[in-house]
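Subject: Structure for your review

Dear colleague,

Please find below the structure that I am handing over to you. I would be grateful if you could keep it open while reading the notes that come after it.

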Amino acid sequence: MSFSIAQMAKDARKASFSVANLSTAQKDAALSAMAAKLIERTDLILTENERDLVAGKDNGLTDAMIDRLRLTPERIQDLANALIEVTQLPDPVGTINEMKVRPNGMQVGRMRIPLGVIAMIYESRPNVTAEAAALCLKSGNAVVLRGGKEALYSNLVIAKCLHEALVEQNIDPNAICVVPDTDRAVMNELMTLSDDIDLIIPRGGEGLIRFVTENSRIPVIQHFKGVCHLYIDESADIEMGIDLLLNGKTQRTGVCNALETLLVHKDIAEQYLPVAAQVLAEKGVTIHACENSIGYFDGAQAATVADWEAEYLALEIAVKVVDDFDASIAHLEQFSSGHTEVICTQNYARANEFVRRVNSAVVMVNASSRFSDGGQLGLGAEIGISTSKLHAYGPMGLESLTTQKFVVLGNGQVRP
């Protein structure tokens, strides 16, 4: 039987009506069943994931892409834990806020409701399949998941587990649809199905996100590249600044909240950069340095404009000495991707000014960029990190997958 993305979208639309009316208890029970099924099927998931890993290596995927693709028993357990965490989050659906009484006695409020059907287009991270499904289900939405060809076997086996759990819970399995055909033509058709799909969220490389944004007939929430910065202020604590640098750059490189650029105030450069050079060398980090910082590093490459714009997703970092705080802000205004920026400082006023003037989705004071994550920020598993300001900005949790309708409570009022 040939596959039809149009029919899949229609099936998801139909399922969305019943999912929107599930109680919180029903949704949480389904999520718990999904988590249990992932653990129960760990061996099968690892077997299918290995097929993807072998194909990825044969096709020349980078180490960063392989890391995103790889599943382990620990990562599957983390994935199951993320689903359980979603059950513990407040259900936004049906909550009414801002109820106010008008002069004529009417009560006017706003109720949170599901968006309907969400399409996810993503690349080599099979964890997205389960996390997106969990968040969409808890927020009362159906979801169509179109992963990349590099994770096809992993995505399909995860979907099989989720569907088994939904059937056991008497929920329409079409609430979670995974596209089995990764042909570009199928994705192109998916982006035209505005009658059945309400929102598209692409996750992956900049090229994918720009392609979806430019070609979709459906509203798109953009998740552009994560060019995350750490700014070492003149009043920074050196040891703290080193910890933030190492954690942000080397703990896990192939993720969008890893550091890509280090900015250092010139008045602290002589104290900070020799230590930074030593610890980065120990970790094998390639340095792209400006003319004022290159002398601190052995074997550093001279930075170009392309380095200030780069999302390396590897053991590489760009380093720049700036004249003052305003120069750091000017650099961010020119090169920030709007994802996450960090300041390391002991100056309270400077920290406040950084928070006020930097308008990226996440702004941090004396904390690692690696905390720019829905789970770490208390949202549970995130569906993405939006770098577009309309509707949602930053890590997207449950509330970001709902909208609001007006609810009016009257007592026979008519408009004069």
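The notes below go from the whole protein to individual residues.

Please bear in mind that this is a predicted model, and that every value quoted here was computed from it.

Overall form

The protein contains 14 helices and 16 strands. Its radius of gyration is 23 Å, close to the 22 Å that the globule rule gives for 416 residues, so the protein is as compact as a globular protein of that length. Measured out along the principal axes, the C-alpha trace spans about 70 × 65 × 35 Å. Of the 416 residues, 52% count as buried. Among contacts with a separation of 6 or more, 73% are accounted for by residues 24 or more positions apart.

Surface and charge

The exposed area of the protein is about 18300 Å², and 48% of it is supplied by carbon and sulfur atoms. There are 37 positive and 53 negative charges, and the mean positions of these two sets lie 8 Å apart.

Cysteines

You may wish to know how many disulfides the structure holds. The number is 0. Cys290 takes part in no disulfide, and the nearest cysteine sulfur, belonging to Cys344, is 18 Å away. Cys290 counts as buried because its relative accessibility is 11%, below the 20% limit used for that class. For Cys344, the closest cysteine sulfur is that of Cys228, at 16 Å, which is too far for a bond; a pair would have to come within 2.5 Å to be counted as a disulfide. Cys344 is also buried, with a relative accessibility of 0%.

Residues with a positive phi

Most residues other than glycine have a negative phi. Two residues may be considered against that background. Glu98, although not a glycine, has a positive phi of about 60°. Glu98 belongs to strand β1, which covers residues 96-101, and it counts as exposed because its relative accessibility is 52%, the limit for that class being over 50%. Asn366 is likewise not a glycine and has a positive phi of about 55°. Asn366 sits in the loop between β13 (362-365) and β14, and its relative accessible area of 27% makes this residue partly exposed.

Two further loop positions

Ser388 is located in the loop that runs between β14 (385-386) and β15 (394-395). Is Ser388 buried or exposed? Ser388 is buried, since its relative accessible area is 14%. Leaving aside residues up to four places away in sequence, Ser388 touches Ile221, Gln222 and Tyr393. Ser388 and Gly338 are 50 residues apart in sequence, and their C-alpha atoms are 8.2 Å apart in space.

Asn59 is found in the loop between α3 (42-58) and α4 (63-69). With a relative accessibility of 63%, Asn59 counts as exposed. The C-alpha atom of Asn59 is separated by 36 Å from that of Leu377, a residue 318 positions away along the chain.

Yours sincerely

Note on methods: Residues are numbered from 1 along each chain as its sequence is written. This is a predicted model: local features need pLDDT of at least 70, side-chain atom pairs count only at pLDDT 80 or more; totals for chains, interfaces and linings use all residues. Side-chain values use heavy atoms; hydrogens and water are left out. Helices (H or I, at least four residues) and strands (E, at least two) are DSSP runs, numbered from the N terminus. The radius of gyration is taken over C-alpha atoms; the globule rule is 2.2 Å times the number of residues to the power 0.38. Buried means under 20% relative accessible area, exposed over 50%, partly exposed in between (1.4 Å probe, protein chains only). Contact means heavy atoms within 4.5 Å. Accessible areas come from the Shrake-Rupley method with a 1.4 Å probe; for residues, only the protein chains shown count as cover. Lys and Arg count as positive and Asp and Glu as negative; His and the chain ends are not counted. The place of a charge is taken as NZ of Lys, CZ of Arg, CG of Asp or CD of Glu.
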